[in-house]
Amino acid sequence: MAQETSENLTLVWLRRDLRLSDNKALVAAAERGAVVPVFVLDELFEQMGAAPKLRLMLSLQALARDLEARGLRLILRRGPARGALEELVAETGANAVYWSRGYAPDVVARDSEIKTALKDRGLAAQSFTGALLFEPWTVETRQGAPFRVYSPFWRAVRARSVAPCLDVPELHGPTQWPASDSLETWHLDREMRRGAAVVSRFVAAGEQAAQQRLAVFLEERIEGYKAERDFLDRVATSELSDSLSYGEISPAQMWHAGQRAMQEGAAGAEHFLKEVVWREFAWHLMWYFPTIAEGNWREAWDAFEWIEDADHPHFQAWCQGRTGVALVDAAMRELYVTGKMHNRARMLTASYLTKHLNIHWKLGLKWFEDCLVDWDPASNAMGWQWVAGSGPDAAPYFRIFNPDTQAEKFDADGHYRKRWLSHAPEMGSDTAALFFEAMPLSWRGYFEAPQREAIVSLATGRQRALAAYEAFKA
């Protein structure tokens with residue numbers, strides 16, 4: 001039975017905006033009256049990979065603590081979002097449902113259906129900006145078309161104004177709270193198995209942790225960001241990718257911080273802003289080309305003969321960090337232990353998979369989707385197609401990264417490789433051993449004998465890749 005209320009009550013449907021500050025939907029709801037924060041574990045979240053689900057669990061735990069500190073509760077429900085929201089409307093007497101806008105094609109379809117259904121019931125249903133700096137449809141070429149290349153996209157938005165960030169509003173909840181699922185019963189860490197405890201050590205979840213990392217980056221790293229960010233053995237980035245993916249921090253908060261740093265003369269600030277906009281470009285592309293995560297953006301590449309067998313021994317070796325190429329294996333083990341991978345390493349591992357091993361980028365994309373705690377569907381898709389040569393603004397296919405020369409340039413002393421491929425107490429923790437602690441027991445047999453050579457040598461792989469490209473062009 002719906003509770004009686006003398007004021008407006010709004011359900012704030014939280015998704016990938018798990019923060020209290022700079023949350024337009026939350027602010028608008030608070031201005032109306034009482035607020036019930038809601039998270040629904042629907043089919044779109046259920047189908048996420050193992051590591052993203054673990055990261056979601058940690059973020060929800062942090063958000064629940066932040067809400068409790070302000071006298072509110074996070075209401076959890078599981079099942080189709082429309083049904084869950086309609087049930088909560090009936091239980092609470094809410095007369096509005098607010099949320100932050102999403103841009104992935106399946107999210108847009110779901111939200112459109114729900115908005116129509118709620119409005120048909122006489123409720124105020126409204127979505128708000130906040131996940132992006134610039135709505136995709138507001139950025140276009142002079143011809144009124146979407147951008148397909150990053151550089152002109154950056155020039156089109158770099159001088160645009162971005163609304164100031166919003167403070168946490170004064171919040172109060174209803175007189176009676178609806179029932180909530182227990183987060184523990186969702187077992188969002190179950191698919192990670194042994195790896196959940198390992199990966200969790202490398203995650204700092206929640207809005208407060210995100211703001212602290214941003215402050216450290218601005219104080220200690222942004223000056224050298226452009227010059228040092230590609231070095232694999234250095235902590236030179238903001239380390240905010242997973243926080244941004246789950247909306248524990250908003251892109252506007254990062255943008256304004258970068259702008260202030262640039263005005264103060266920090267040498268790396270503009271490049272930091274460009275990286276924030278690179279994510280915007282990825283979502284711009286997904287909005288206009290919604291199949292970018294499913295197939296080749298350049299349709300001609302449908303004729304290219306990649307290996308598409310997920311059981312192929314070369315693909316399995318790549319996933320397990322045992323290709324015999326030191327830098328590739330170090331990066332793949334970093335991914336499995338931490339749920340993240342250095343951006344330079346992502347390019348190198350993707351290049352080795354698609355070029356040297358001739359394996360389809362879609363298999364790599366799916367593995368990253370399962371393993372990355374900072375998984376972002378648009379950035380992941382654009383990154384893979386960029387490396388493979390099949391996407392917009394892509395690196396030419398014949399640009400084949402050489403992991404050995406890249407190691408000489410970006411890991412000259414071998415610290416990165418040693419950290420992940422051998423016991424390295426001097427790094428502060430035995431991170432290499434954590435890989436064996438996290439990996440499935442079924443993998444262990446592959447590592448019993450030392451690997452003395454690469455499954456595909458760099459020279460052989462390069463020659464084969466170039467030959468395949470020449471045959472494709474013909």
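**Entry 1: Lys53**

I looked up Lys53 and found it buried, because its relative accessible area is 8% and the cut-off for buried is under 20%. I note at the outset that the model is predicted. I placed Lys53 in helix H3, which covers residues 50–68. I then listed its contacts, leaving out residues up to four places away in sequence: Lys53 touches Phe45, Glu46, Met48, Leu188 and Glu191. I also checked Lys53 against Trp177: the two are 124 residues apart in sequence, and their C-alpha atoms are 26 Å apart in space.

**Entry 2: Ser250**

I turned next to Ser250, which sits in the loop between helix H10 (241–245) and H11. Is Ser250 buried or exposed? I recorded Ser250 as buried, because its relative accessible area is 0%. With residues up to four places away in sequence not counted, I found that Ser250 touches Arg19, Asp22, Gly130 and Leu244.

**Entry 3: H8 and H11**

I followed H11 onward to its packing with H8. Two packed helices are described by the angle between their axes and the distance between the axes. For H8 (residues 207–220) and H11 (residues 251–263), I noted an angle of about 20 degrees and axes 11 Å apart. Angles under 35 degrees count as roughly parallel, and H8 and H11 are therefore roughly parallel to each other. I recorded the crossing of H8 past H11 as right-handed.

Which residues of H8 and H11 meet? I found Gln211, Leu214 and Leu218 on the H8 side, and Gln253, Ala257 and Ala261 on the H11 side. By class, I entered the residues of this contact as four nonpolar, two polar and no charged.

**Entry 4: aromatic rings**

I then surveyed the aromatic residues. How many aromatic pairs does the structure hold? The number I entered is 42.

A pair of aromatic rings is described by the distance of the centres and the angle of the planes. I took up Phe368 and Trp384, whose ring centres are 5.1 Å apart and whose planes stand at 70 degrees, so I classed the pair as edge-to-face; the cut-off for that class is over 60 degrees. This pair links distant parts of the chain, with Phe368 in helix H16 (residues 361–371) and Trp384 in helix H17 (residues 377–388), 16 residues apart. I found both Phe368 and Trp384 buried.

Finally, I recorded one aromatic cluster, formed by Trp301, Phe304, Trp306, Tyr397, Phe398, Tyr469 and Phe472.

Terms used:
Residues numbered from 1 in each chain as written. Predicted model: local features only at pLDDT ≥ 70, side-chain atom pairs only at ≥ 80, totals over all residues. Heavy atoms only, no water. Axes fitted to C-alpha atoms, helices over the stretch in contact; angles between N-to-C directions. Helix = DSSP H or I, 4+ residues; strand = E, 2+ residues; numbered from the N terminus. Parallel < 35°, antiparallel > 145°, perpendicular 65-115°, else oblique. Left-handed = near helix turned anticlockwise from the far one by under 90°. Contact = heavy atoms within 4.5 Å. Nonpolar A, V, L, I, M, F, W, Y, C, P; charged D, E, K, R; others polar. Phe/Tyr/Trp six-rings, centres within 6.5 Å; stacked < 30°, edge-to-face > 60°. Buried < 20%, exposed > 50% of the residue type's maximum accessible area, 1.4 Å probe, protein only.
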